[in-house]
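Below are my notes on the ligand site and the empty spaces of the model. Please read them with the structure open.

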Amino acid sequence: MSEELGWVQIHGERADGILCEQGAHVTDWTPEDEGPVLFLSERSHLAPGLPIRGGIPVIFPWFGEAPLPLGGEGLPAHGFARRKAWEVLSVEEGADAVRVALRLTDDEDTRAAWPHAFELRLEATFGRALDVALEVTNRDERPFRCDVALHTYLAVGDVREIQVHGLEGARYFDKVAGEERTQDGSPITFGAEVDRVYAANESEVVVDDPSFGRSITVAKTGSRSTIVWNPWVDKARRLDDLDDEEWLSMVCVETANVLGDALELAPGASHRMALRLTVGPERSAQ
Ligand code: TA6
């Protein structure tokens, strides 16, 4: 791990984990009797100010490119929260889990990019399940609108073999095709780049992974957007922090409130969004 960044290492009774103070970024969750559940690129940057490729990036206050009114030079895609050093508030070791709490508030850099006072609090609980909760509070005198996402990278044996269940029949914006679509009654399978934003959707998603002989369930609260992404061959080649073959070993299932489901917070208001990851037996074998 990079010495330049702060890290919290977890060795609990029921799980091990790693969290980087930059971005309050969970980079590893390995429950007992399981392999790592999160994907982390072998070529990820691990340096101050640079986003980590893998784990659970915290996306705030915009998803994707900076909105036009802000879009000055050099505003980073997916906002600044994942690039900032967060403050560790506590590390609590319980019988079955270890909970880490962190906070990020506005400063002159963030206000220069996005002119609002805010507070983010993240709590990650590493046990037989992984719980990550993100609370956004408007500390400003004016209302603000923001995107928020937990951009989860899941480790899979071979993305070409997985099925993603739970979004059947749902409407989504297809970022590859550039149009709105409706999913048919089948689970998502992967034979090319997939980049979909499902709107007004609170469904639980199950990633069935025959290669690893397991399924990963992504349950959520306080989230109306789900994003599913795999870069496939060409886009992976364009990413300098992803090995050319690593696209095979990952799928993103992201817990979010973005686009039409972005948060609108009045002064003093808060919103809490949370995910729970659990690992079970492969579904297709049942
Ligand atoms: O969530 C999917 C996505 O928006 C993709 O379009 C791709 O850009 C991905 O996020 C990764 O973004 P990043 O800024 O981390 O390279």
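1. Where does the ligand sit? The space that the ligand takes up is the largest pocket. The model is a predicted one, and the values in this note are to be read on that basis. The volume of the largest pocket comes to about 600 Å³. Its lining counts 25 residues, and Arg-53, Ala-77, His-78, Arg-82 and Lys-235 are the closest to the pocket centre.

2. Which strands contribute to the lining of the largest pocket, with at least two residues each? Strand 15 (194-198) and strand 18 (225-230) do so. Sorted by class, the lining of this pocket holds 12 nonpolar, 9 charged and 4 polar residues.

3. The shell around the ligand consists of Arg-53, Phe-63, His-78, Arg-82, His-151, Lys-175, Asp-195, Ile-227, Trp-229, Lys-235 and Glu-254. Of these shell residues, 6 are charged, 3 nonpolar and 2 polar. The histidines His-78 and His-151 belong to the shell, and histidine falls in the polar class under the scheme used here.

4. Three side chains deserve a check for polar contacts to the ligand. In Glu-254, a side-chain N or O atom lies 2.8 Å from a ligand oxygen atom. For His-78, a polar side-chain atom is found 3.0 Å from an oxygen atom of the ligand. For His-151, the distance from an N or O atom of the side chain to a ligand oxygen is 3.0 Å. Taken alone, the ligand has 390 Å² of accessible area, and the protein covers 85% of that.

5. Glu-254 also appears in a second context. Besides being part of the ligand shell, Glu-254 is one of the residues that line the largest cavity. How many cavities of 30 Å³ or more does a search of the whole structure find? The search returns 1. The volume of the largest cavity is about 40 Å³.

6. The lining of the largest cavity is made up of Ser-203, Val-205, Val-218, Lys-220, Thr-226, Val-253, Glu-254 and Thr-255. Strand 17 (214-221) and strand 19 (250-257) supply at least two lining residues each. Which of the strands gives the most to this lining? Strand 19 does, with 3 residues. By class, the cavity lining has 3 polar, 3 nonpolar and 2 charged residues.

7. The second largest pocket has a volume of about 210 Å³. There are 13 residues in its lining, and those nearest the pocket centre are Pro-61, Trp-62, Pro-67, Arg-145 and Asp-147. Its lining divides into 9 nonpolar, 3 charged and 1 polar.

8. Pro-61, one of the residues nearest the centre of the second largest pocket, also calls for a look at the backbone. The peptide bond between Phe-60 and Pro-61 is cis, with omega at about 0°. Pro-61 is located in the loop that runs between strand 4 (58-59) and strand 5 (87-93).

9. A further backbone point concerns Ala-24. Its phi is positive, at about 45°, although the residue is not a glycine. Ala-24 belongs to the loop between strand 2 (15-20) and strand 3 (25-31).

Terms used. Residues are numbered from 1 along each chain as its sequence is written. This is a predicted model: local features need pLDDT of at least 70, side-chain atom pairs count only at pLDDT 80 or more; totals for chains, interfaces and linings use all residues. Side-chain values use heavy atoms; hydrogens and water are left out. A residue is near a molecule or strand if one of its heavy atoms lies within 4 Å of it. A polar contact is a pair of N or O atoms within 3.5 Å; within protein, one must be able to donate a hydrogen and the other to accept it, and residues adjacent in sequence count only if both atoms are side-chain atoms. Accessible areas come from the Shrake-Rupley method with a 1.4 Å probe; for residues, only the protein chains shown count as cover. On a 1 Å grid over the protein atoms alone, a cavity is a set of points where a 1.4 Å probe fits but cannot get out, and a pocket is an open set with protein on both sides within 12 Å along at least five of seven lines; lining residues have an atom within 4 Å of a point. A molecule sits in a cavity or pocket if more than half of its atoms lie within 2 Å of its grid points. Grid points are joined across faces, edges and corners, and a volume is the space filled by probe spheres set on the points. Helices (H or I, at least four residues) and strands (E, at least two) are DSSP runs, numbered from the N terminus.
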